[in-house]
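This report covers selected local features of one protein model. The structure is shown first, and the description comes after it.

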Amino acid sequence: MKWRVILTGVSLMAVATSTAAVAEMTFIHAGHLMADPATGEVKQEQTITIEDGRVIAIRDGYVGEGNVVDLTGQFVLPGLIDAHVHLLHENGPGDKLARVTKTPADWAIDGVPFARKTLLAGFTTVANVGDENTSIYALRDGIMEGKIIGPRVIAAGNVISPHGGEGDVYGYRTDVTKAIARPNLCSGADDCRRVVRQHIQFGADMVKIVATGAVLSDADAGVDQQFTADELKAIVETAHAFGRIVTAHAHGTAGINAFLEAGGNSIEHGTYLDDSSIKLFREKGAYLVPTLLAGATVTKWANMPDTWLSPATAKKALEVGPKMVGATRRAHEGGVKIAFGTDSSVSPHGENAREFALLVEAGLTPLEAIQAATVNAANHLRIAAEAGRIAPGMPADIVAVKENPLKDVKSLERVIFVMKAGAVYREP
Ligand SMILES: [Zn+2]
């Protein structure tokens, strides 16, 4: 069963019923329930009724008998959404060797425990924005078919990159570089149109590109714009023509602005965004996915005396990492819409919720941080009819924590109950 993120509607319909559907009714007794983070309203002593993987009712008081889940002492909220993960790996000193030793099957199998950790941390939906094409599609489909445990995956496949850009490889012999080149490299507008079309044909739910240099590509090539305005326009137009949203990794100001000018839907990282960028974000209705956890992690690595980072990546990490919280603060103050994303793979999988405290450090209220990981991420990924709220008709993606996250957002780092599509994966 396949589903795709499309611009004009939502087609996750098959998901909830395809995996571990629960035939009988389940009643969740929720002591404190925030069903819709858009309003932030918290109701006490509520019952959520679930059938065939979907919520069918929310009622006052504790009702129903039989299959009752007791969350009377807990704070209950919708399953969380991380709009920026890479489920097939965790960055480390072995990266360079892995690229020439691992097969697509190895990558897919490596992703199995990472997907499980992510779901058990309360993230019932993720956008996987850059991993080996066939491997991530296999993982996505295996989860959807109920063969392995993990969040719903909206997969971008490999990132689309200019030759020699962040999505290319560095540091190998020329013949090896050519032999392991990914299918998602392009140069020139026409070539980029071809690559985007083929990429979607091969299975991408959304398109992720790299508009600028990146910290963890081992190139001494900065973090400025790498695709030309012409190429960006061709990529965005083609992705949209095929009904896909397109998001861009971007640090440098010119790259951020050129992608937003071209009509791109969102920016990942956004380190050097300025007032002109904020104006463009607002004009275009684009989202920022800050990935502050990645900034904190690469800064920590670069400052270790025995760092595994190469000199080129350590230099970029120290330039970029410490600036990311400030960029998010400026964007938030400027009214830019923020969607939650962690870049997990830089930080370990399953620690995604550490991003909440960093968003609060950047000036978001705890409720705004929760909105970023529910309603905003759902709107950003075009899945608002199927994720981000607990409401009749929606898939039963529900998590619970012990302490009120509006008082201490770090309580979300200690999720004690996880339900995805009506199936319980973690219990108190
Ligand atoms: Zn990333």
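The text below treats a disulfide, a metal site and one helix of this predicted model.

**Disulfide.** The structure holds 1 disulfide. Its partners are Cys-186 and Cys-192, with an S to S distance of 2.3 Å. Because the torsion about the S-S bond of Cys-186 and Cys-192 is about 90 degrees, the disulfide is right-handed. Cys-186 has a relative accessibility of 0% and so counts as buried. Cys-192, with a relative accessible area of 0%, is buried as well.

**Zinc site.** Three protein residues serve as donors of the zinc ion: His-84 through NE2, His-86 through NE2 and Asp-343 through OD, at 2.1 to 2.2 Å. Along the chain, the donors follow the spacing H-x1-H-x256-D. Burial of the two histidines is tabulated here.

| Residue | Relative accessibility | Class |
|---|---|---|
| His-84 | 1% | buried |
| His-86 | 10% | buried |

Both values fall under 20%, the cut-off for buried.

**Helix H7.** Helix H7 runs over residues 229-241. Its 13 residues should span 18 Å at 1.5 Å a residue, and the end C-alpha atoms are 18 Å apart, so the expected and modelled spans agree. Which residues of H7 are buried? They are Glu-231, Leu-232, Ala-234, Ile-235, Val-236, Thr-238 and Ala-239. An α-helix has 3.6 residues a turn, so residues three or four places apart point the same way. The buried residues of H7 pack against two helices, H6 (189-202) and H8 (253-261), and against strands E10 (207-210) and E11 (246-250). Just after H7, Gly-243 adopts a positive phi of about 75 degrees.

Note on methods. Residues are numbered from 1 along each chain as its sequence is written. This is a predicted model: local features need pLDDT of at least 70, side-chain atom pairs count only at pLDDT 80 or more; totals for chains, interfaces and linings use all residues. Side-chain values use heavy atoms; hydrogens and water are left out. A disulfide is a pair of cysteine sulfur atoms within 2.5 Å. Buried means under 20% relative accessible area, exposed over 50%, partly exposed in between (1.4 Å probe, protein chains only). Donors are N, O and S atoms within 2.8 Å of the metal (3.2 Å for Na, K and Ca); water is not among the atoms, so sites may look incomplete. Helices (H or I, at least four residues) and strands (E, at least two) are DSSP runs, numbered from the N terminus. The expected span of a helix is 1.5 Å times one less than its number of residues. Contact means heavy atoms within 4.5 Å.
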